[in-house]
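Welcome! Please take a moment to look at the sequence and the 3D view below, and then read on for a short tour.

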Amino acid sequence: MTSPDTMAQEAATPLLDWDSGIYREAVNQFDRVAAYIDLDPNVSQRLRLPQRSLVTTFPFRRDDGSVETVFGYRIRHVLTMGPTKGGIRYAPTVNFGEVAALAMNMTWKCALVGLPFGGAKGGVRVSPELLSRAEKQRLTRRYTSEISTLIGPQRDIPAPDLGTDSQVMAWIMDTYSHQVGHGAPGVVTGKPVELGGTAVREESTGLGLAYLLPLALEMVDLPLEGTRVAIQGFGQVGRSAALALARQGARVVAVSDLSGGIHCPTGLDIDALREWTDHNLWVEGFPGGDPISGEQLFEVDCEVLIPAAVQEVIHGGNADRITAAVVLEGANTPTTMEGDQILQKRGVLVVPDILANAGGVTVSYFEWLQGLQYYFWTDEETRQRLRSIMTNAFREVHRIAREEKVDLRTAALIKGVARVAKAKLLRGLFP
């Protein structure tokens, strides 16, 4: 439990804590592309900042009867494209700058794959692993009431992110439905199937990565069969990517999580590892591989590296030691600009996060549509439509990269930023 002194110190923290590395990285990337495409200065200034933001401090009751106050955020980057869309994360590092950066990147991601959404993000500054189920439910319901003026099926649609899951989405949906007086399944995505969710949602980001990898390997003249893959993070994204890639013939030779990593040069038994983590939570102690540290995973001999956990794990301190020919970004902003420049100089192909991990928001879009229509697709229909959208987006980004003679990250941002900027200019200025 947080001590009174710590709570007082946190309460003194500026609410609009812009000064975060991830926000500076997001703005710098945008500025670079805005200059490249000669974006209208006024539009550029508007897109550098979130359009609507809510910062709240709110109390929730602990199981022992004490009351704790935490920071909560919900940021909508652009409202031009339609409703906004983005996850909610529970983590002790959540701050305004981080949430604003992730909302901005979500805007480019949705525009890149052609979804009718602007970007949004939310979060609560809390350690979810220290909460009981009852505490998490109370916190979630109070947070939902705080942001209820922003969210809604036609306004802003949250989804799971770091530290949250389908159960959290169920609590948000229920709380919101009580406030509006009717069931509102379209207010969130990533819900349990029983409440109108889709079973494919949990594996969607990993599936999207698996659909793109063969196309990325073609660019570096490598086959998928037998390709060695290292995955940093064995949560929802890393685990589903590992299972899908193993079934396609790739060899997952190393994985890591907060407990450390494991390595087997001939390939890990991913089904056995899945069962192990189902019972033991962490990969630590898995008997089918040799233990390695989380940092050592970045130096494992492999053809493909998938960072699938948190941001800024590939940086100037380790980018020159990565052996992979392809980096497929499963996490949001896992590579700093300095790390990205080193990888480019070394000839490493980087498939950027706004393209590589767009499978999650794409299937969220499918779920949102089905919630509005009360008409549900089969899992196979969902997977086929996901594959089509992801592969078409990759080919379009690849085309832009060839024509403009730029890397895939720049090409993806060109596509996403240009689409949003054009929409803003077409809608005009009110009044």
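The report below goes from the whole chain to a single residue.

## Overall build

Keep in mind that this is a predicted model. Its chain is made up of 431 residues, and along the chain there are 14 helices and 12 strands.

How far does the C-alpha trace reach along its principal axes? The spans are about 55 × 55 × 45 Å. The radius of gyration is 21 Å, which agrees with the value near 22 Å that a compact globule of 431 residues would have.

## Inside and contacts

Buried residues account for 57% of the 431 in the chain. If you look at contacts between residues at least 6 apart in sequence, 69% of them join residues at least 24 apart.

## Surface and charge

The chain exposes about 17,800 Å², and 51% of that area is supplied by carbon and sulfur atoms.

As for charge, you will find 43 positive and 50 negative side chains. The centres of these two sets lie 8 Å apart.

## A closer look at Ser-293

Where along the chain does Ser-293 sit? Ser-293 belongs to the loop between strand E9 (290–292) and strand E10 (304–307).

Is Ser-293 buried, partly exposed or exposed? Its relative accessible area is 33%, so Ser-293 counts as partly exposed, a class that lies between the buried cut-off of under 20% and the exposed cut-off of over 50%.

You can also find His-263 in the view: Ser-293 and His-263 are 30 residues apart along the chain, and their C-alpha atoms are separated by 9.8 Å.

Notes: Residues are numbered from 1 along each chain as its sequence is written. This is a predicted model: local features need pLDDT of at least 70, side-chain atom pairs count only at pLDDT 80 or more; totals for chains, interfaces and linings use all residues. Side-chain values use heavy atoms; hydrogens and water are left out. Helices (H or I, at least four residues) and strands (E, at least two) are DSSP runs, numbered from the N terminus. The radius of gyration is taken over C-alpha atoms; the globule rule is 2.2 Å times the number of residues to the power 0.38. Buried means under 20% relative accessible area, exposed over 50%, partly exposed in between (1.4 Å probe, protein chains only). Contact means heavy atoms within 4.5 Å. Accessible areas come from the Shrake-Rupley method with a 1.4 Å probe; for residues, only the protein chains shown count as cover. Lys and Arg count as positive and Asp and Glu as negative; His and the chain ends are not counted. The place of a charge is taken as NZ of Lys, CZ of Arg, CG of Asp or CD of Glu.
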